[in-house]
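This report describes the fold, the nonpolar cores, the helix packing and several local features of one protein chain. The sequence and the structure come before the discussion.

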Amino acid sequence: MKGINNEGYCMDIKGVVPLDENSLLETAKRNTGLEDFGSDEWREPFQCLIKSLNDEAELNLMGRLMTRSEILMLLEGRLRIEDTYKKHPEIDDEEIVKPVIIVGQGRSGTSFLQNVLAHNVDFGALMHWEAMFPCPPPEAESYTSDSRIDVAHKRICQWSRVTPGLDSMHEFSARLPHEDMAIMGFNFMAPSFFDCMGQVSSYDAMVFNPSWDWEPAFKYHKKVLKLLQWKNPRKHWVLKDPLHFDRMSTILKVYPDACFVWPHRDPVRALASLVSIIGTIQWGRSDHPFKGGSLEYMTDPFASAARFNSVLDQIERNEIPAAQLFNLNYKDLVANPVGQVEKMLSQFDIELSAAGRQSMQQYLSDNPRDARPPHQFNAGSPEAVQRARQAFDRYQKYFNVPTES
C-alpha cells in the first residue's frame, strides 16, 4: 500500500476522495434512493467527526478511501434502518431481555469471553456482517448463508490486507462477533470505532465531555438490536465495547436488566498491548505518529486509570447494582472458561442449558488459543512501567488483579 499512498502525495486527495458533509449525505441518499435519516441527534457528532477527519487526522490516500467507504456504510445503514421501521413499526414491540454486556479494558480477554459466550446456543452475538449490513433484517433460515456475509468479509479483511501484521493482534472475519461500536456508529457516537479511522481529537473532546448525553445513542443501539432479532430471535444478547464500562449507569436507563461482565487483567500489560494495536491500525491510514489530545483515554495510563477510578466510585455509591456486575480474573477465565461462564450466569439468574455448555466446549476444542501467532509488543521503559503501576494501584488492589511479567 505504500506505493498507492505515495501516488496520493501528488494528488489533491481531499478533492479526489471527499469527506465533506454534502458529498457524503448526497451519495448515501443516491445509493439507497432514500432521504429520511430519522431524528437529528446524530448530526452534531457526525459533523464534528468529518471536520476532525479532514482537519486533524492527516489521512493518506488509502486511509481516505477506507474511511469514506465506512462512513457511507453507516449513513446508508441508517437510511435503511429508518425505512424498515417505517414499513414495519411492529419491530419496536421486540423486547431485549437481560443482555450480557462485556465491559472493561481492551486486550484483557474481552474478545475471548465474547467468542465463548457467542457460541452458547442460547445466546446471540452481534455478528460483524449484520452490524455492517443490518437491512434487510437477517432471517433465521439464511443467517449463516446470507449473501452479505461474503461482501462483508472482503471489506473487513481489507484492514489486515492494508496493514500487514494486524492479523497477529486481532482476528478479522464477517462470521465473528463484533463490538457494539459498529452499531453505535449509526448514531455517530462510537469513538472507539472512529479513533481507528484517524486521530480525531476534536471529536473525542466533544463526546467525552462529561456533560454530553449518551442516552440517545443507546436508545438507537436498542433500536438496531430490535431490528436484528426481529426475524432471527436471540434469547439473550452478548454484547461488548471497550467504552461501555464508562457508561454503565446510562446503559441501565435504556436496559434496566442489563448484566455487566468485567474481566480484569494486569492493566499495564493490557495498556501496552492496546497502544501497539491502535498504533498499527492508524499506521494503515496515516503516515503521521500519535499527537497529543487524541486517544489519550485509551493510551495514557493516568487518563485510563482515572476512568477506572470513576467506575469504582460509582460501584461504591451503589449506582451500579452489585447483582448486575460480575467480575472475573483473566487467569481464571483462561483456565476454566465454561466454569466462569457458569458462575456468571448463575449470578444473573440465567440458565446454562446442556446444549449451551456443549456448544461452548465444542468452540473451545475447535479454536485453541495458540492457533494465532502471539502479539509482540514493548511495554516501555522501567520508569514508564513504574509510573503506570502507580496510576493503576487503586484498581489492582480493588479487584486483586495480579501483576504480569
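A nonpolar core is a set of buried Ala, Val, Leu, Ile, Met, Phe, Trp, Tyr and Cys residues joined through side-chain atoms within 4.5 Å. Buried, in turn, means under 20% relative accessible area. The structure discussed here is a predicted model.

## Overall features

The chain contains 22 helices and five strands. It has 405 residues, and 57% of them count as buried. Its accessible surface comes to about 17400 Å², with carbon and sulfur atoms contributing 50% of that area. Among the contacts in the chain with a separation of 6 or more, 80% are accounted for by residues 24 or more positions apart.

## Nonpolar cores

The largest nonpolar core comprises 78 residues, and Ile-71, Leu-75 and Trp-262 have the most contacts inside it. Helix H13, spanning residues 215-230, gives the most to this core, with eight residues. Another core, of 36 residues, lies apart from it; among its members are Val-100, Val-116, Tyr-143 and Val-261.

Leu-75 deserves a separate description. When residues up to four places away in sequence are not counted, Leu-75 touches Leu-24, Leu-25, Ala-28, Phe-37, Trp-42, Phe-46 and Phe-188. Several of these names return below. Leu-24 and Leu-25 are in H3 and take part in its contact with H4, while Phe-46 in H4 meets residues of H5, with Leu-75 itself among the H5 residues of that contact.

## Helix packing

Two packed helices are described by the angle between their axes and the distance between the axes. Three pairs are set out in the table.

| Helix pair | Residues | Angle between axes | Distance between axes |
|---|---|---|---|
| H3 and H4 | 21-32 and 43-55 | about 120° | 10 Å |
| H4 and H5 | 43-55 and 61-87 | about 175° | 12 Å |
| H6 and H20 | 110-118 and 354-366 | roughly 130° | within 8 Å |

How do H3 and H4 meet? From H3, Glu-21, Leu-24 and Leu-25 contact Arg-43, Phe-46, Gln-47 and Ile-50 of H4. The residues of this contact divide into four nonpolar, one polar and two charged. With an angle of about 120°, the two helices are therefore oblique to each other.

H4 also packs against H5, at an angle of about 175°. Angles over 145 degrees count as roughly antiparallel, so H4 is roughly antiparallel to H5. On the H4 side the contact involves Phe-46, Leu-49, Ile-50, Leu-53 and Asn-54, and on the H5 side Arg-64, Thr-67, Ile-71 and Leu-75. By class, these are six nonpolar, two polar and one charged. Phe-46 and Ile-50 of H4 appear in the contact with H3 and in the contact with H5. Ile-71 and Leu-75, on the H5 side, are also among the residues with the most contacts inside the largest core.

The third pair is formed by H6 and H20, whose axes cross at roughly 130°. These helices are therefore oblique to each other. Phe-112, Asn-115, Val-116 and Leu-117 in H6 meet Met-360, Tyr-363 and Leu-364 in H20. This contact has six nonpolar residues, one polar residue and no charged residues. Val-116 of H6 is also one of the members of the core of 36 residues.

## Local backbone features

Two residues have a positive phi although they are not glycine: Phe-188, at about 55°, and Asn-318, at about 60°. Are these residues buried or exposed? Phe-188 is in the loop between helix H10 (181-184) and helix H11 (191-194). Its relative accessible area is 0%, so Phe-188 is buried. Phe-188 is also one of the residues touched by Leu-75. Asn-318 is placed in the loop between helix H17 (301-316) and strand E5 (325-329). With a relative accessibility of 64%, Asn-318 counts as exposed.

A cis peptide bond links Cys-135 to Pro-136, with omega near -5°. Pro-136 belongs to the loop between helix H7 (128-132) and helix H8 (148-156).

## Surroundings of Gln-340

Gln-340 is part of helix H19, which covers residues 337-347. Because its relative accessibility is 11%, Gln-340 counts as buried. Not counting residues up to four places away in sequence, Gln-340 touches Phe-326, Leu-328, Asp-332 and Leu-333. Leu-328 is 12 residues from Gln-340 along the chain, and the C-alpha atoms of the two are separated by 7.6 Å.

How values were computed
Residues are numbered from 1 along each chain as its sequence is written. This is a predicted model: local features need pLDDT of at least 70, side-chain atom pairs count only at pLDDT 80 or more; totals for chains, interfaces and linings use all residues. Side-chain values use heavy atoms; hydrogens and water are left out. Axes are lines fitted to C-alpha atoms, for helices over the stretch in contact, and angles run from 0 to 180 degrees between N-to-C directions. Helices (H or I, at least four residues) and strands (E, at least two) are DSSP runs, numbered from the N terminus. Angles under 35 degrees count as roughly parallel, over 145 as roughly antiparallel, 65 to 115 as roughly perpendicular and the rest as oblique. Contact means heavy atoms within 4.5 Å. Ala, Val, Leu, Ile, Met, Phe, Trp, Tyr, Cys and Pro count as nonpolar, Asp, Glu, Lys and Arg as charged, and the others, Gly among them, as polar. Buried means under 20% relative accessible area, exposed over 50%, partly exposed in between (1.4 Å probe, protein chains only). Accessible areas come from the Shrake-Rupley method with a 1.4 Å probe; for residues, only the protein chains shown count as cover.
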